Each structure stands twice: as C-alpha cells, then as structure tokens.
Number of protein chains: 2
Amino acid sequence: MNKKGLLIVVSGPSGAGKGTICKEVLERRDDIFVSTSATTREPRNGEIEGVNYFFISREEFERKIAEEEFIEYAEVYKNLYGTPKETVLDKLNQGENILLEIDIQGALQVKKRYPEGVFIFILPPSMAELKSRIIGRGSETPESLERRFSSAFEEIEFVNQYDYYIINDQVKRAADLMESIIDAERCKVIEDIEEIVTMFKEEV
Amino acid sequence: MNKKGLLIVVSGPSGAGKGTICKEVLERRDDIFVSTSATTREPRNGEIEGVNYFFISREEFERKIAEEEFIEYAEVYKNLYGTPKETVLDKLNQGENILLEIDIQGALQVKKRYPEGVFIFILPPSMAELKSRIIGRGSETPESLERRFSSAFEEIEFVNQYDYYIINDQVKRAADLMESIIDAERCKVIEDIEEIVTMFKEEV
C-alpha cells in the first residue's frame with residue numbers, strides 16, 4: 001500500500017521562529033522533504049540551480065502562472081517566487097511528506113488549491129517577545145521595525161485559517177509538537193482506511 | 001485562560017492491545033485521567049467504591065439511564081456498566097483530559113452525545129497476530145475462540161467511524177502515536193483561538 005504523503009504548510013509572523021522550528025524538524029526526520037522553489041531573481045554566489053532554486057526568466061514565470069503551474073507564488077521586492085505544483089503533487093503521490101515554509105498569502109493560495117494540506121501557524125510566546133526578536137535581528141530602521149511589528153500584529157489574526165497553532169516558547173518543544181502533528185495526521189482515518197480493512201480481511 | 005480538556009475515546013477489537021497501550025500512556029502522562037464507571041455488579045474483594053467503580057443498584061442505574069445521566073452504558077453478562085456524564089463534562093470543563101477505554105458500541109454512544117471527542121481505534125498488526133493473541137490468553141473453548149475471532153473481524157469495519165487509527169505492532173510505538181494524537185489535538189485551532197489572539201493583542 002502506498003500511502004499518500006502530507007503537504008505540511010507552515011507560516012507565522014516574522015520573528016515567531018518558524019524557520020528555526022522547520023530546520024529543527026527537517027534535521028530530526030528523514031521522512032520529510034522540502035520543495036525547491038522557482039524564482040526570477042539572480043542566483044547568488046554558490047547557489048545551485050535545482051537545489052536552492054530553479055532560476056527562470058520573468059517571461060517563463062509568468063507563462064507558468066498563466067498555466068496554473070504553481071501551487072502558490074508571490075512577488076517580493078520585484079522578484080517572483082513560486083512552488084511548482086506538479087513536482088509537489090508527484091512527490092505527495094509517491095508517499096513523500098513535503099514541508100512548505102511560506103508566508104500567509106502563499107499558504108492561503110495552497111489551501112485553495114490543496115485543502116487536504118496540513119496548515120500550521122507558529123505563534124511567538126508573546127508580542128513583547130516577538131518585538132524583541134525582531135529588534136534582535138538588527139539592521140532595521142525604527143520605521144521598518146514599526147512596519148514589521150504592525151504587520152506581525154495583523155498577521156496573527158490569520159491563525160484561524162489554519163488547522164493547528166504552535167506557541168514557540170522553546171524551539172525543542174515547538175519542534176516536538178510539529179512532529180506530533182505530522183505523526184497524528186498520518187494516523188487519521190481517511191479514504192485509505194478501506195484499503196487497510198480490506199488488507200486485513202484478505203489475509204485470513 | 002482555561003483550555004477545555006480532551007475526551008479521548010479508545011476502542012478496538014479484543015486482542016488488539018488497547019488496554020496495554022492505554023495503561024502505558026497513563027503511566028507516562030500526568031495530564032490524562034480515567035473516569036470511574038458506575039456498575040450494578042457486586043464489588044469484588046478489595047474493590048473500593050468511587051475508585052474502581054460506583055456500585056449502584058439496578059433501579060438507580062435504570063433511573064440514571066432514563067434521565068440521560070450516562071455518556072455511554074452497556075449491559076455485559078447481566079450487569080450494567082456506564083460512564084457518568086456530569087463527572088466527565090465537569091472534568092473536561094476544568095481542563096482535564098479524560099481517557100475512556102470502551103467498546104465500539106459505547107464509543108458510538110459517546111460520539112452521538114459528545115462529537116468533539118477524539119476517537120481512536122486500535123488495530124492489531126495483522127489478523128493472524130490477533131488470532132494468536134486471543135489464543136494466547138488461554139481459558140477459551142474452541143467455540144468461544146471462534147466467536148471472539150469472528151466478532152473482531154466484524155468490529156474492524158467500525159474503524160471508519162473513528163478519527164484516528166493506530167496499528168499496534170509495538171506497544172511503545174503505539175503509545176508514542178497515541179501521545180502524538182493527544183498533543184496534536186491540543187494544538188488544533190478551535191474556538192479558543194479567538195481568546196488566544198485577544199490575549200496577544202491586549203498585551204501590547
């Protein structure tokens with residue numbers, strides 16, 4: 001029996017720590033994979049085509065948008081970034097679990113196109129902590145800090161579009177919870193259960 | 001914020017090992033409790049009122065059935081057994097997680113009265129293994145073995161009434177999965193999320 005993989009979509013406001021948690025989970029598990037995104041931005045030093053990104057032209061990117069070849073895409077600082085749909089669906093069908101760490105707009109696009117995904121929202125332990133984490137990153141002007149903070153404030157409302165939330169008070173604990181969610185989702189009774197029951201009965 | 005507890009309902013065919021898994025999970029966790037059942041059967045040596053069971057008369061039990069005071073009940077070998085509804089709901093409202101290890105008929109009654117429960121079905125690793133576990137218990141006639149086995153066979157069909165299934169190939173692994181399901185369910189975005197978001201925003 002080839003059980004379909006899970007599409008795990010992780011978002012959260014800037015400073016909530018989603019990147020750190022995803023990295024930790026990916027290090028722990030050999031049954032969860034990331035998907036390589038396509039982008040129109042120039043490769044940076046050392047970036048490898050097909051590993052870090054698929055580097056494509058804006059024309060090609062826009063053609064792919066028109067042909068609905070992305071499960072989600074976004075424009076960030078004049079560059080386009082997108083997750084190729086076919087690659088992701090193929091891997092899921094082969095039983096691979098795919099982790100997408102994307103922003104809320106992207107997650108909502110995925111939800112529309114693939115509602116059976118597992119949508120996880122990472123929350124900071126408190127707004128004060130979020131603020132100090134954003135400040136701790138440095139290299140921000142007071143205005144951009146204020147902008148980041150108020151956008152985090154608005155983003156938190158979107159948690160009710162997600163299936164699960166994790167309060168990131170400690171990375172280890174938050175990663176444990178993300179693993180629990182993934183393991184629990186694999187135990188859900190869905191259409192594959194008929195196959196399991198049949199398998200049991202044929203055995204006799 | 002006082003988050004409501006989970007009502008965790010565990011069933012599975014005889015020989016699937018649900019008792020062993022529940023025992024293991026209860027030993028590991030101090031945030032999961034069992035509920036004391038009421039029964040009309042006579043107390044056995046050493047059984048304590050209110051700990052092992054609430055021992056009540058058949059008249060009282062039947063009055064409680066009529067007044068819908070049980071979240072589920074069943075008659076087994078001329079004795080009635082039931083789970084008092086009010087006690088369970090009170091504990092859930094206080095934030096306690098309650099584990100009910102009950103048969104399928106009981107679980108379906110709970111599902112009707114408390115659909116927000118978490119319904120977990122324990123499956124044996126294989127029908128052959130189930131058969132050998134039932135035989136291994138001894139003290140059965142060939143006829144009662146055959147009866148037990150064919151009833152397990154029928155019971156497995158009910159898995160699709162449950163939210164989750166766990167294949168009990170190893171007790172440790174099955175208990176890990178049950179813990180994951182419980183932890184994941186605690187992360188679900190439900191009505192309490194509004195409270196969390198408000199809490200976050202008030203803080204600022």
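User: Two residues are in contact if their C-beta atoms, placed from the backbone, lie within 7 Å, so how many residues of chain A are in contact with chain B?

Analyst: The answer is 25 residues of chain A, which are in contact with 25 residues of chain B. Please keep in mind that this is a predicted model, in which local features need pLDDT of at least 70 and side-chain atom pairs count only at pLDDT 80 or more, while totals for chains, interfaces and linings use all residues. Residues are numbered from 1 along each chain as its sequence is written, and chains are lettered from A, with ligands numbered from 1, in the order in which they are written.

User: Ok, and which elements of chain A supply at least two residues to that side?

Analyst: On the side of chain A that touches chain B, at least two residues each come from α5 (127-136), β9 (164-167), α7 (171-186) and α8 (192-202). Of these names, α stands for a helix (a DSSP run of H or I, at least four residues) and β for a strand (a run of E, at least two), numbered from the N terminus. The largest share, five residues, is supplied by α7(A).

User: What kinds of residues make up that side?

Analyst: The side of chain A that touches chain B has 17 nonpolar, three polar and five charged residues. Here Ala, Val, Leu, Ile, Met, Phe, Trp, Tyr, Cys and Pro count as nonpolar, Asp, Glu, Lys and Arg as charged, and the others, Gly among them, as polar.

User: How are the two copies related?

Analyst: They are related as by a two-fold rotation axis, since chain A is superposed on chain B by a rotation of 180 degrees with 0.0 Å of shift along its axis, and the RMSD is 0.1 Å. That superposition is by least squares on the C-alpha atoms of residues with pLDDT of at least 70 in both copies. In chain A, the C-alpha nearest the axis belongs to S180(A), which is 2.2 Å from it. The copies meet through the same surface, because 100% of the interface residues of chain A are also interface residues in chain B.

User: New topic: what does chain A look like on its own, in helices and strands?

Analyst: Chain A has eight helices and nine strands, and its C-alpha trace spans about 70 × 40 × 30 Å along its principal axes. Of the contacts in chain A with a separation of 6 or more, 69% are between residues 24 or more positions apart. V9(A) is one residue to look up, as it touches L100(A), I102(A), A107(A), V110(A), G117(A), V118(A), F119(A) and I120(A), leaving aside residues up to four places away in sequence.

User: How do helices α1 and α7 of chain A cross?

Analyst: The axes of α1(A), residues 18-28, and α7(A) come within 9 Å and cross at roughly 60 degrees. Such axes are lines fitted to C-alpha atoms, for helices over the stretch in contact, with angles from 0 to 180 degrees between N-to-C directions. From α1(A) the contact takes T20(A), I21(A), E24(A), V25(A) and R28(A), and from α7(A) it takes V171(A), A174(A), A175(A), M178(A) and E179(A). These residues divide into six nonpolar, one polar and three charged.

User: And where do α5 and α6 meet in chain B?

Analyst: Helix α5(B), residues 127-136, and helix α6(B), residues 142-155, have axes that come within 10 Å and cross at roughly 145 degrees. On the α5(B) side the contact is made by L130(B), K131(B), I134(B) and I135(B), and on the α6(B) side by L145(B), R148(B), F149(B) and A152(B). Six of these residues are nonpolar, none is polar and two are charged.

User: Is G5(B) buried or exposed?

Analyst: G5(B) is buried, because 20 other C-beta atoms lie within 10 Å; a residue is buried at 20 or more other C-beta atoms within 10 Å of its own, exposed at 12 or fewer, and partly exposed in between, with C-beta atoms placed from the backbone. G5(B) sits in the segment before β1 (7-11) of chain B and touches K91(B), L92(B), G95(B), E96(B), N97(B) and I98(B), not counting residues up to four places away in sequence. In chain A, buried residues make up 33% of the 204 residues.

User: Which residue has a positive phi of about 55 degrees?

Analyst: That is E68(A), although it is not a glycine, and E68(A) lies in the loop between α2 (58-66) and β5 (70-76) of chain A. E68(A) is exposed, with 9 other C-beta atoms within 10 Å. In chain B, Y77(B) has a positive phi near 45 degrees and is also a residue other than glycine. Y77(B) is in the loop between β5 (70-76) and β6 (79-84) of chain B, and Y77(B) is exposed, with 5 other C-beta atoms within 10 Å.
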